[in-house]
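These are my notebook entries on what I looked up in this structure, kept in the order in which I went through it.

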Amino acid sequence: MDFTAVLAQIKPKLGCVADNLKLIEEQIIKARESGADLIVFPELALSGYFLKDLVPDVALRIDSCEITRLIELSHGISIAIGFVEETDDYHFFNSALYLEDGAIRHLHRKVYLPTYGLFDEQRYLAHGTTFRAFDTKFGRFGMLICEDMWHLSASYILAMDGAATLICLSSSPARGIEGDTLGSAAAWQKLTSTTALFLNCRVLYSNRVGFEDGVNFWGGSEYVAPSGESIVRAALLDEDFITAQVDEGALRRERIFSPMMRDENLFVTMQDLQRIAQERGR
Amino acid sequence: MSGLQANMELLRKLLVGFVRDEVRKVGLSRIVLGLSGGIDSALVAFIAAEALGPENVHAICMPYKTSNPESEAHARLVASASGINFSVVPITAMVDAYFEMFPDANNMRRGNKMARERMTILFDHSALLSALVLGTSNKTELLLGYGTLYGDMASALNPIGDIYKSHVWQLSAEMGVPHEVIEKQPSADLWAGQTDEEELGFTYRQVDELLYRMVDQRWTRQELVAGGFDAEFVDSISAKIQNSHFKRRLPVIAKVSNRTIDRDFRYARDWGK
């Protein structure tokens with residue numbers, strides 16, 4: 001079905017969950033009042049990104065009052081949001097929740113924690129172990145957190161699991177000043193477009209802005225149609241709040257024109273991946 | 001070399017945004033910087049003026065008696081072109097009082113003392129004006145260690161520490177730094193006629209080409225030599241980077257506890273901001 005999604009390109013404060021929750025609530029109310037059906041926040045929207053030793057201090061249990069508050073707010077509008085999750089066994093995950101009609105529809109724990117260059121996530125966080133699609137009021141969705149999307153298999157699994165909409169929550173740092181546009185923005189735009197095109201699915205990409213210790217997050221949140229075309233894109237570097245009119249007809253037409261997913265042979269893929277796994281295990 | 005031809009519009013936006021965001025998030029609105037009359041501090045002054053409004057930028061020119069009078073004239077020119085506040089605090093009295101006790105001190109000791117004297121003035125004005133001190137060391141100088149530890153290398157925020165001297169020239173032209181400042185020979189102005197390039201023994205253009213490949217693109221020594229760089233030049237620059245690394249790090253702390261600052265007590269400086 002058609003639906004309206006808001007991409008909330010916010011600037012969270014590092015380590016300030018209460019302040020960020022207030023900002024997030026304001027954005028949710030604004031989106032709901034504008035008539036949007038869904039609002040998508042960036043990765044770690046509740047806490048900020050370069051947390052280091054702050055991870056345990058900002059982590060929230062699924063039954064915390066902050067998450068309970070967000071679940072309540074999902075009565076009027078569906079919400080996708082990133083935060084640090086603390087589990088019963090005191091593991092900390094870079095997680096994303098999909099909340100709808102006062103319930104948790106899905107919890108995704110980031111599988112691929114970048115630990116190279118300026119990234120250090122595996123030092124502080126536990127990694128998730130699965131990619132699963134889930135049903136929403138607007139069809140079957142899949143959620144990815146930032147680096148997850150740079151692994152072809154992640155989007156592929158979600159698409160094979162029936163997701164027609166991929167939501168990617170991101171905190172992508174700006175770098176690369178040599179080209180016509182920012183290097184990291186150009187790379188992401190190729191990735192979201194190509195992923196949509198390969199998998200005949202839509203991509204809702206929500207990236208944050210602001211600076212943490214001199215590192216800029218570049219924004220550029222966007223809605224990419226199943227054709228790979230970027231339909232609406234938020235400002236580069238500045239806070240923004242953009243609305244995407246997601247058109248079911250565009251998905252149907254694309255899948256008629258380019259039925260690659262219909263023809264995708266899961267059994268060939270499985271057979272060869274199993275063979276590769278066996279050969280590697282020898 | 002294409003890598004040193006940066007996108008000026010984007011770079012300007014990033015650096016102006018950096019100063020605006022990092023100053024305001026600590027609850028301040030003003031900055032203070034030393035204006036030497038050279039291009040690096042001129043560019044930082046222009047970036048700061050655009051970020052916070054020229055009325056919130058305080059530049060201090062701190063000449064010593066042997067400083068070239070042209071330097072102060074150029075600092076005034078930059079202040080007037082960018083519309084920022086400007087004052088002069090000469091350091092001759094303080095520096096000379098100290099070296100009366102050590103009359104045999106060489107140029108290096110005198111130069112370092114001058115740089116550190118200027119640092120104390122800037123940080124005193126930081127408290128006086130509720131302003132953050134902006135650094136003016138570029139990536140070329142920082143990598144070569146061509147600066148004084150706790151002197152000109154000291155600051156709260158450095159907008160140009162990740163751009164090479166070649167970028168500083170490009171961005172200065174883009175932002176309207178007066179051409180007299182852009183075109184003159186870079187100099188630490190420690191003694192009459194001193195130029196950076198003569199003292200270093202190579203030009204900034206040459207070394208930036210090498211540093212960009214060596215540091216940013218991680219070319220190996222073999223690749224650099226095959227790419228046309230003189231092996232001795234490559235080795236001497238590698239040694240400079242390694243030998244000056246202490247200047248780019250915090251003082252080393254002897255670890256005895258379970259949580260040692262910066263080793264296993266790790267927080268961003270923007271913690272809570």
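I began with a definition that I needed for checking helix lengths: the expected span of a helix is 1.5 Å times one less than its number of residues. The model I am reading is a predicted one, and I kept that in mind for each entry below.

**Entry: helix H2 of chain B.** I looked up helix H2 of chain B, residues 39–52, and found that its 14 residues reach 20 Å from the first C-alpha to the last, which is close to the 20 Å expected at 1.5 Å a residue. I then asked how many of the residues of H2(B) are buried. The count is 14 of 14, and I noted the helix as mostly covered. Looking just past the end of H2(B), I found that B:Gly53 follows, with a positive phi near 90°.

**Entry: a helix crossing in chain B.** I next took helix H1 (residues 8–24) and helix H7 (residues 165–175) of chain B, whose axes come within 10 Å and cross at roughly 85°. Because angles of 65 to 115 degrees count as roughly perpendicular, I entered H1(B) as roughly perpendicular to H7(B). On the H1(B) side I listed B:Met8, B:Leu11 and B:Arg12 as making the contact, and on the H7(B) side B:His167, B:Gln170, B:Leu171, B:Glu174 and B:Met175. Sorted by class, this contact of H1(B) with H7(B) has four nonpolar, two polar and two charged residues.

**Entry: chain B as a whole.** For chain B I counted twelve helices and four strands. Its radius of gyration is 19 Å, close to the 19 Å that the globule rule gives for 273 residues, so I recorded chain B as being as compact as a globular protein of that length. Of these 273 residues, 41% are buried, and among contacts between residues at least 6 apart in sequence, 72% join residues at least 24 apart.

**Entry: chain A as a whole.** Chain A has nine helices and 14 strands. The radius of gyration here is 18 Å, close to the 19 Å from the globule rule for 282 residues, so chain A is as compact as a globular protein of that length. I found the C-alpha atoms of chain A to fill a box of roughly 50 × 50 × 45 Å along the principal axes, and 46% of the 282 residues to count as buried.

**Entry: where the chains meet.** Last, I looked up the contact between the chains, which takes 21 residues from chain B and 21 residues from chain A. The side of chain B that touches chain A divides into nine nonpolar, five polar and seven charged residues.

Key
Residues numbered from 1 in each chain as written. Chains lettered and ligands numbered in written order. Predicted model: local features only at pLDDT ≥ 70, side-chain atom pairs only at ≥ 80, totals over all residues. Contact = placed C-beta atoms within 7 Å. Nonpolar A, V, L, I, M, F, W, Y, C, P; charged D, E, K, R; others polar. Helix = DSSP H or I, 4+ residues; strand = E, 2+ residues; numbered from the N terminus. Rg over C-alpha atoms; globule rule 2.2 N^0.38 Å. Buried ≥ 20, exposed ≤ 12 C-beta atoms within 10 Å, placed from the backbone. Axes fitted to C-alpha atoms, helices over the stretch in contact; angles between N-to-C directions. Parallel < 35°, antiparallel > 145°, perpendicular 65-115°, else oblique.
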